[in-house]
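What follows is a walk through the side-chain contacts of one protein chain, taking charged pairs before aromatic rings and ending with the backbone.

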Amino acid sequence: MLDFLKKMVGLNRRRKSRIEHPGLTLTIERKAYETFDWGMGGFRIAKFKRDIKVGETIEGQISAYRGSNGGTFTAAVVRLTDDRGFGACWSEIDRDIYTAMSGPGGV
């Protein structure tokens with residue numbers, strides 16, 4: 001209900017829906033992170049191992065998902081979170097994982 005109200009008054013600016021479960025496992029700088037939510041527009045993780053800045057570009061690996069073998073990604077950090085994490089927008093995603101992420105029942 002709260003998400004609905006946020007959308008009605010314009011507090012949720014996301015253009016694409018997000019998925020909480022199942023999460024994605026992202027490996028960034030040799031450390032694995034579980035997403036809190038993700039969608040075709042981006043993702044959010046917590047407790048990143050180092051300080052990071054808005055506008056920074058990160059690269060990593062997305063683990064296997066829905067029958068794909070996973071793949072690489074590039075993303076831009078768009079916001080920092082109170083839990084030492086960040087939200088980012090995908091810039092590039094390998095075709096195999098992108099297809100699996102956007103498949104039936106996906107986002």
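At 32% relative accessibility, glutamate 29 counts as partly exposed. This is a predicted model, and glutamate 29 is a convenient place to enter it. The residue sits in the loop between strand 1 and strand 2. Its side chain meets that of arginine 50 in a salt bridge, with 2.8 Å from N to O. The contact joins distant parts of the chain: strand 1 covers 25-28 and strand 2 covers 31-34, while arginine 50 belongs to the loop between strand 4 (42-45) and strand 5 (57-62), and the two partners are 21 residues apart. Arginine 50 has a relative accessibility of 31% and is likewise classed as partly exposed.

Arginine 50 has a further acidic partner. A salt bridge connects arginine 50 with glutamate 56, and here the closest N and O atoms are 2.6 Å apart. Through shared partners, Glu29, Arg50 and Glu56 become one network of salt bridges. Glutamate 56 is partly exposed because its relative accessibility is 23%, and the class of buried residues requires a value under 20%.

In total the structure holds 3 salt bridges. Another of them pairs arginine 44 with aspartate 37, whose closest N and O atoms are 3.8 Å apart; the pair qualifies because the cut-off is 4 Å. Both partners fall in the buried class: arginine 44 has a relative accessible area of 19%, and aspartate 37 has a relative accessibility of 7%. The value for arginine 44 still counts as buried because the limit is under 20%.

The aromatic side chains come next. A pair of aromatic rings is described by the distance of the centres and the angle of the planes. The count comes to 7 aromatic pairs. One of them is formed by phenylalanine 43 and tryptophan 90, with 4.7 Å between the centres and 45 degrees between the planes, a tilted arrangement. This pair also spans distant parts of the chain, since phenylalanine 43 lies in strand 4 and tryptophan 90 in strand 7 (residues 86-93), 47 residues apart. Phenylalanine 43 and tryptophan 90 are both buried.

Phenylalanine 48 and phenylalanine 86 make another pair, edge-to-face, at 5.1 Å centre to centre and with 90 degrees between the planes. Here the loop between strand 4 and strand 5, which holds phenylalanine 48, is linked to strand 7, which holds phenylalanine 86; the two residues are 38 apart and belong to distant parts of the chain. Phenylalanine 48 and phenylalanine 86 are each buried.

The four residues of these pairs belong to one aromatic cluster, made up of Tyr33, Phe43, Phe48, Phe73, Phe86 and Trp90. Charge and ring meet at tyrosine 33: the charged end of lysine 31 sits over the tyrosine ring, 5.1 Å from its centre.

The backbone remains. Most residues other than glycine have a negative phi. Glutamate 29, already met as a salt-bridge partner of arginine 50, has a positive phi, near 50 degrees. Where is lysine 47 found? Lysine 47 is in the loop between strand 4 and strand 5, and its phi is also positive, near 50 degrees. With a relative accessible area of 56%, lysine 47 is exposed, whereas glutamate 29, at 32%, is partly exposed.

Key: Residues numbered from 1 in each chain as written. Predicted model: local features only at pLDDT ≥ 70, side-chain atom pairs only at ≥ 80, totals over all residues. Heavy atoms only, no water. Helix = DSSP H or I, 4+ residues; strand = E, 2+ residues; numbered from the N terminus. Buried < 20%, exposed > 50% of the residue type's maximum accessible area, 1.4 Å probe, protein only. Phe/Tyr/Trp six-rings, centres within 6.5 Å; stacked < 30°, edge-to-face > 60°. Lys NZ or Arg CZ within 6 Å of the ring centre and 35° of its normal.
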